[in-house]
Structures are given as C-alpha cells and as structure tokens.
Amino acid sequence: MKVPENDPIEPTNPIIHSNSQLLQSILDSIPHIQSFKGKWSLIRTKLSTLQSHLSDLSTASINASNNPLYNDLLLSLSTTLSDALSLSSICHSANPPDGKLKTQNDIDSVSAKLDNHVRDLEVLIKSGVLHENGAVSSTTTSKRESIRAESRNLITRLQIGTTESKNSVLDSLLGLLQEDDKNVLIAVAQGIVPVLVRLLDSSSSPEIKEKTVTAIAKISTVDSSKHVLIAEGLGLLNNLLRVLESGSVLGKENSCVALQALGHTKENARAIGSRGGISSLLEICQTGTPNSQAMAASVLKNLAVFPEIKENFLEENAIMILLRLSTSGTALAQENAISCLCNLISRDNNMKLLVGREGGIESIKNFWDSAPSVQSLEAPVLMLRTLATCSSVAEVIVENEFLPRIVGVLNCGVLGVRIAAAKAIYDLGYSTKTRKELGEIGCISLLVRMIEGKAVEEREAAARALTNLMVYAGNRKIFRKEERGIVSAVQLLDPVVQNLDKRYPVSLLASLVYSKKCRKQMVDSGACVHLQKLAEMEIEGAKKLLDCLGRGKLWGVFTRH
C-alpha cells in the first residue's frame, strides 16, 4: 500500500528511519525549486515510489536487517538521497551557482540512480529473501532447502547492485553450480536461466559476460535443464553468437558448450546459419585453442545434420577446413571433425568424391590407428559407411585395407561401433571379391553373434549385412557351419521382435533354403509359424519362403548361386 508523502514512516530499523527522513526532506524542498522544475517533478514521482518501498521494507522480517544485501541497498540509497537533498537546495535559485549545464547533468545522474534504487528494491521485495533469511540459518533446514534459499538469494543479487557486486555474485553462483548437478536443477527451478540471459544481454562488462556464459554452459550440460535454455529462443542464441564472434577465449569455449545443447533443433540451426555462426565456428576450428576447436567442431557436427543450412557450410569452405582439423587437431577435435564431415556429405556423392580426393580416407586411417578408445571409432566407421555408398570411393576404401579394420570391431564392447561396422560391411560388400574377402577374414561368425544380441538395431544391421554376403556361395557354406546361424535368423522372424525389418531375415533364410539340412533346421526352429504371420502381414518374400518350406522343393523357385 502506498504511503502518502506527508505521512511520515515510523520504522524500527534506523537505516530505514534515516532514509525516510531524507526522502521527506527532499519532498518538502521540491515545492521551493526554481530551476529544472520539470526534472524535479519526475524525481518527485520516483521518491513517492521509494517511500512506498521503504514502507514495505519496514514491515519485513526482523531477520532482514541481518541480510547484507538489505543493508547495502539502504546505505547506497542513503548516499543518493543525501546528494539529491543537496542538489534540491542548489536548485532553489533560478541561477545555480555551478552553472545550468553541470547542475542539469547532476540532476540526470541522481534521477538515474533513483531509477536503479526503485528497480533494486522492487526486486528485493518481490524475491521474498528478506522473509526467509532466518529460516535459511536454521540448523534443522535440509541441505536441499538451504541450496534453494541460496539460489533465490543469488538470483536476487544478480538483478541489483553494481557491476562489481554482480561479478562477485557470479563467482558464488558458479561455485554452487559446479559443486553438484543437483544444485543446477534447483537453481534452474528457481528461475536462474532468464536472469542470466537478461544479464548477458544487458551487461557491457566482458568479465560478467564471460562468467555468465560459463554458468549457462554448465546448465547446458545437465540434460534435464536443456529445455529451459532452448525455451529462451533467439535472445539467448544471439548473445551466445556474439560471444562466439568477439568474446574471450574462455567465453568462446563456453559459448560452444552451450550451443551444443541449442543446435539440435531445425529453427536454431537455421538461426545460427543465418547469423554468421557457422563462419565463427569454422574460424575457431582454424585458429582457436585445442579445446575450443573440439567444441566448435562438435557444434558444427550437430548443425550439419540439417540440409537446410548446407549452403552456409559450402560458402565457408567447410569441407577443406574440417579435413585439415581431422588431421591436425586433438583426438576429440579430429573425431568431431570426422563426424561433422560424415553428416555434411551424407546426401551428396560429389562431396563424397571431394573428401576421397582430398585425403579424407588417409585422415580416417591415421585417426583409426591412433584412436584413444574403441568408443571414438564410431565416427570413422560411420564415415567409411557414408563414403562406401559412393562406388568409386568404396573401391579406394577397400584398396586402403579397411575391411580387416572394420571386421575387427564387430566384436568390440561398444554397441554403436558394432552397429556402424555392420552397416559399413553391407555397403562395402559391393562385389564378389569384397564379399569373398569379408567371409575369409571371419566376418560371418561375428555377424551371427550380433543377430543374437539384445539391441534390435544391432540384430537388424547384422542380418542386413549377412543378406548381402550370402550372395557369394562361399559365404553360404561358412554360414551353414555356424551352429546357431539358422536358429538365430529364424528368431528374428518372430513378430514379437518389433521394430526390425523382417525382409532381412526372410532374405537371409531364402538364400539358404536350397540346402536340405538348412530347411530342416528352419522348420524345426518354428520358421513356418512365423512366416505364416509375416505372409498375412504381406512381408516381402515371406509367402514364397513359406511355400518352399512347405513343399520341400527347390528347383524353379530359387536360383542357386
């Protein structure tokens, strides 16, 4: 409730009491002013608002006086009100002794400070921190409640005070966020993200911008908080891109970290492309620190998924820049550069040829041979698979002795690598020669083991690769020697195994049905029951295979290879 200007406040806090007296003195002085009456009329309105806020503060919790923020604001307000009172006395004269220009500047300065005080007190009052201060110090308060209260306090302090004070608050906030991911979730729930975005947008201090981006980057690494950042839309994105272009080294790195979380949507990818983000990221890939190069390449990897911004990459000579990074950067930078290239060229045979011609395959071989872990091989395996869909490049891959390398990871402990390898084998089995070589180096047995795996995607990739390899008669002979080969393939026919393309196990079994032994194994394993259901579902090849098993005849139905 607003307090009338002539109704003095009687607070118990001495600082509020002192400020109330100063404020009332200024209000009493204003009617006697002769200079800049219009400006003082505006100041009068601000003073009335401040009077109302002081009244609200006077009724705050008794613990409020123990809050440093509370006392700092009131002391700062006291200084401004004292300056305003002195200035009002000077303006009682139509010709101020210091001259009109200086006096006008002083009035504008005081008026701006009063605006800040009004805003700061509004934030402080609405935050509720004054009423919870006592509870926060209670020994019975849970740690979670303590973190929640601390987050609210820091959020409040980030919105008021000087650049120096906000800088200090950011240090405290970063300590809180980096201590535990649970603290990040609590701070996000209390509303830290919009406050950080506004601070990033409004602050001109490079140090504050750097620390704010660091806080946003930390939040972006917690999966359940990413949606809050994405909801901030172009406001956050534009600020991150500005830091990416002209910020400090640490600011650029953390901007890349945050952009990794934001670059997964088509809308944001387009925005980054249209606002020069790809150019800035590629510049970092060329001249940035080793860590920032890896981070920038990771952002580009996510963006390259969207064909809508492919032109932005081509305009910046991205292929050549990424190829250089794939040979000269850190292991992580090389891995991310290869992944980015893979996404970028996946739909364009001309770009695949360019990569092959400009040393891309040699880069993959070098990275493969020095890879820090099996996990990191997923990127080069996927790249080989993408390149292999172009027949001219596939031949070069085989010539560079990649088949043994790919077969060698079919039994590794990383699911993604195994799946990528099986898909690559399907595309590299483009001729009788390569199918024969793949069979001879032990590929069949490893793929059979994969179709017994737990992941549906792994089982499907293995079955698909086997259908291609079975075109070569020698591989069919190898498959027949696998004790569980037929049984495992029949299990894939079961409609209970969902999200698996049934055409692959049908085709695989069809290539072996000419063998009486294989037919018997199929029937004994329950293939007919499954095929009957698949035939009703009109799965390609199911009815023909079922008929063949039912009649026990081969001739005229399947071609012997």
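The legends below describe views of a predicted protein model.

**View 1. Helices and overall extent of the protein chain.** The protein chain has 34 helices and 0 strands (DSSP runs, numbered from the N terminus: helices are H or I with at least four residues, strands are E with at least two). Its radius of gyration, taken over C-alpha atoms, is 35 Å, well over the 24 Å from the globule rule for 561 residues, so the chain is more spread out than a compact globule. The globule rule is 2.2 Å times the number of residues to the power 0.38. Along the principal axes, the C-alpha trace spans about 115 × 50 × 40 Å.

**View 2. Burial and contacts in the protein chain.** Of the 561 residues, 50% are buried, meaning under 20% relative accessible area, with exposed over 50% and partly exposed in between (1.4 Å probe, protein chains only). Among contacts (heavy atoms within 4.5 Å) with a separation of 6 or more, 71% join residues 24 or more positions apart.

**View 3. Leu354 in helix H20.** Helix H20 covers residues 349–357 and contains Leu354. Leu354 is partly exposed, at a relative accessible area of 23%. From C-alpha to C-alpha, Leu354 and Lys211 lie 41 Å apart in space, and they are 143 residues apart in sequence.

**Notes.** Residues are numbered from 1 along each chain as its sequence is written, and side-chain values use heavy atoms, leaving out hydrogens and water. Local features need pLDDT of at least 70 and side-chain atom pairs count only at pLDDT 80 or more, while totals for chains, interfaces and linings use all residues.
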